[in-house]
Amino acid sequence: MDGEKFNIKSFGLQSSKYSKEVQGLKILVNTQTPLIWFTHPPKEPKTVVTDLSQLREGEDYNYSTGGVTRMVQPLLKRMLSEGTISEAHWVSLNSAGYNTIKAEGITHHFVSLDKSRMESYGKVKEAMWNAAHGTTKDTTAAQKIFLSDDFPDYAYYNRLTAELINGLDKDIDFDIFYIHDFQQLPIGHMLNTLKPKMYRWHTPFEESTIPEKWKMLMNTYFNAYDLIVVSSGKYLESLKSFGYNGKVKKLYPYVDPEDYTRPNNGEVSTLCDRLGIKDEDDVMLVVARMDPMKGQDRAIDAFAYIAGKYKKLRLVLVGNGSFSSSKQGLGLSKGAVWRSELEEQVNKLGISDRVIFTGHLPQNELDALYERCNFTLLPSIKEGFGLVVVESWLHHKACIVTNRAGIAELITAGKDGLLINPDDMQDIAAKISILLEDRSISRKIGQAGFEVSKLCSISAGLHEETKAIKELVAE
Amino acid sequence: MNILQVLVPIAYAGIILIATWIVARFISVIIRRLMGRSTQMLGAQIQRLVWVLVWLIGLILAIEELGVNPAILLLMVGLLGVAVIVAIRGPLENFGARYFTFGYIPFKVGDSITVLGHSGKVIEINSISTIILADDHIVSVPNSAFMKETVVNTTHQAWKAISVPIVVNNEIDIPALEGEILRSMNKLRSNFDDRFPPILTLVSRDKQSTRFVLNLMIRNPERRDAIINEVNNRIDDVIDVAKKSQKQKGRQHK
């Protein structure tokens, strides 16, 4: 028997009242990361519009696993099915060769960036990412990044994207533009339109971590948008004090419960056998891409600290690199380097027989691990929101969450989650012990978390996004 | 009538027109080089004016060669010109002022200024006048006023700001052009306030051309003119390279 789908009704999914008023809009969405990665260039000329159904998943393409695409795709699908939008076009970076492809009612257009510019673009993007996460190492160099010789290639990529969008707008006449993520920040300023422009900043946003010399340019870019969406109240306040004069809205990221299944015992056993997890083992699960920011090193240290006391405890680390560190993406080697550092750390601590690196797992296997684990841990040093916590809650599993994640403001410590300081290894170890010592606490927190997860379901997101779009278009 | 008597004047007229075309192009190039030190917009206007004059002279000479008395044509052009100038003297003055102020723009749209006793925010600069929003009132100030009157720009750090208009034809690879302009500006980075990096803004686009403004913030006001000249020269060079590259691509495409 295949795993059962999560019961959507339990999430109160219903048509948004706003979708009845705003109908048939044409929307343009822009992200850096594409929903689909192609494994090889097209056989036909680039100009041919291909339907994704003509290609094979796994052979010709794969879906991105990133949080942004994971939110945007279900949102567009739901808005299409409800009639709020009649046309959805999605522009993203993809140098594999296709120009346009249609998938599930959405037309994807791709920007191709040649290798010579990719490296410089990646450097500026990394600097921005580090600034957002407060991990800038060379602050002097970071201050000067917008006057560096790498910046013209970052501007080139964004202008290339904006010009593609401008061209599409000429043909399609969109009603609204919805730009996502920090890499695409200049797009709003570069678009030649007076139509509404909405922007979602997905990473953390704290004024204190942004270099002083970036403020003018970033504010020029921010102020080109009519509405900016952020993932927490803290980021909202920070954006206002930073100098953004437009509308700003807090909107929790969301997942579509339909994308998750509750696997049966057979599926769980098969996966555990493959990974070497025994029936009597306790499993602590960390799901995050391989990135120093995700704090897997802290999870390993805390695990090592208590490994002697809890002999049956296993640490499972799921995830590989992001689009940026993939060969199909920007080719930055961050993910692979970080994983080898973690493996070395595990070896040094003498716990290699109890720590499992799974790499990327397909969703059904990830669901199986969520079902099998005792609890999950999100030890990130900085985290825009933390949708993996919601995934954990969907499986009724308790989650120990870094207090530096956007989702931390949704958690009542001890009730629906446990909060930790990721810099305090003993704190992490203590919270792990709480869940291992009393299984009933873990169960109660997991159940309470499931209730909180409804705030981050697609139905809640659809309602809020539609409301925001409606208000913007109607103005 | 000898056929040669007909063909020779036509041939001479043709040669004159070809020579006119060569001279017009040659003078355009010279003006562009000379005006490289001024603004692109002003240069384009002067180039157009001289081009019209050269062609007018060329046409008159060609017509004369064909045996037609050019006096009537000259008289008509002259009278028409006088009539036009008399009729639109005011607007012409403003139009001219609009382009001369481009050479040293003391303000831009969005700045707060005081002129002729009116203080407000500049919301539009068109060919004839500059529109100011003052205390919820729209004030239209003729552009010629900016040549005669004292203008105070009260915008914070306005002395630092330089706005350089850039017009390019739509066949140019715009993203590559932007990348190259920014790269070119990086060579002058020591002159810029590093809190305000150069930023290129698309102002408008029609079927033929795209208008941008390059906004810069300088460190030293006393070097303002030198920086404007250097920036204009660099932009001209980048545009020349972009045009050549576009032509090459066009040839390869053919």
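This is a short tutorial dialogue on reading a predicted model with chains A and B.

Me: Before we start, how are residues and chains labelled, and what kind of model is this?

Reply: Residues are numbered from 1 along each chain as its sequence is written, while chains are lettered from A and ligands numbered from 1 in the order in which they are written. The model is predicted, and local features need pLDDT of at least 70, side-chain atom pairs count only at pLDDT 80 or more, and totals for chains, interfaces and linings use all residues.

Me: What is the mean pLDDT of chain A?

Reply: First the idea: pLDDT is the predictor's confidence in each residue, from 0 to 100. Chain A has a mean pLDDT of 89, with 91% of its residues at 70 or more. Residues 8-20 of chain A are below 50, and this stretch has 23 contacts in the model beyond near neighbours in sequence. A contact here means that the C-beta atoms of two residues, placed from the backbone, lie within 7 Å. Where pLDDT is low, the predicted coordinates should not be read in detail.

Me: Thanks! How many residues of chain A are in contact with chain B, and which elements give two or more of them?

Reply: In the model, 19 residues of chain A are in contact with 17 residues of chain B. On the chain A side, the elements giving two or more residues are helix 5 (151-172), helix 6 (187-190) and helix 7 (215-222). Helix 5 of chain A gives the most, with eight residues. Helices (H or I, at least four residues) and strands (E, at least two) are DSSP runs, numbered from the N terminus. By residue class, that side of chain A has 10 nonpolar, three polar and six charged residues. For the classes, Ala, Val, Leu, Ile, Met, Phe, Trp, Tyr, Cys and Pro count as nonpolar, Asp, Glu, Lys and Arg as charged, and the others, Gly among them, as polar.

Me: Which domains does the assignment give for chain A, and how many residues are in contact between them?

Reply: Domain bounds come from an automatic or database domain assignment. For chain A it gives domain 1 (15-255 + 457-474) and domain 2 (261-455). Their C-alpha centres lie 28 Å apart, and 25 residues of domain 1 are in contact with 21 residues of domain 2. On the domain 1 side, helix 3 (115-133) and helix 8 (233-242) of chain A are the elements that give two or more residues. That side divides into nine nonpolar, 15 polar and one charged residue.

Me: Now for sheets. In what order do strands 6, 7 and 8 of chain B lie, and is the pairing parallel or antiparallel?

Reply: Strands of a sheet pair through backbone hydrogen bonds, either parallel or antiparallel. As a cut-off, two strands pair if DSSP finds at least two bridges between them. In chain B, three strands form an open sheet in the order 6-8-7, with antiparallel pairing. Strand 6 (161-169) and strand 7 (199-205) are the edge strands, each pairing on one side only. Strand 6 and strand 8 (residues 209-217) of chain B are joined over nine bridges, and B:A161 stands opposite B:M217 in strand 8.

Me: How many bridges join strand 14 and strand 15 of chain A?

Reply: Six bridges join strand 14 (residues 282-287) to strand 15 of chain A, and the two run parallel. A:V287 stands opposite A:V318 in strand 15.

Me: Why is strand 15 of chain A called largely enclosed?

Reply: A residue is buried if 20 or more other C-beta atoms lie within 10 Å of its own, exposed if 12 or fewer, and partly exposed in between, with C-beta atoms placed from the backbone. Strand 15 (residues 313-318) of chain A is largely enclosed by the rest of the structure because five of its six residues are buried.

Me: Is A:I420 buried or exposed?

Reply: A:I420, in strand 19 (residues 418-420) of chain A, counts as buried because it has 27 C-beta neighbours inside 10 Å. Leaving aside neighbours within four places in sequence, its contacts include A:I400, A:D427 and A:K431.

Me: Last one: where are A:H396 and B:D136 found, and what is the sign of phi at each?

Reply: Neither is a glycine, yet A:H396 has a positive phi of about 60° and B:D136 a positive phi of about 70°. A:H396 is in the loop between helix 13 (387-394) and strand 18 (398-402) of chain A, and is partly exposed because 18 other C-beta atoms lie within 10 Å. B:D136 is in the loop between strand 3 (129-134) and strand 4 (137-142) of chain B, and counts as exposed because it has 6 C-beta neighbours inside 10 Å.
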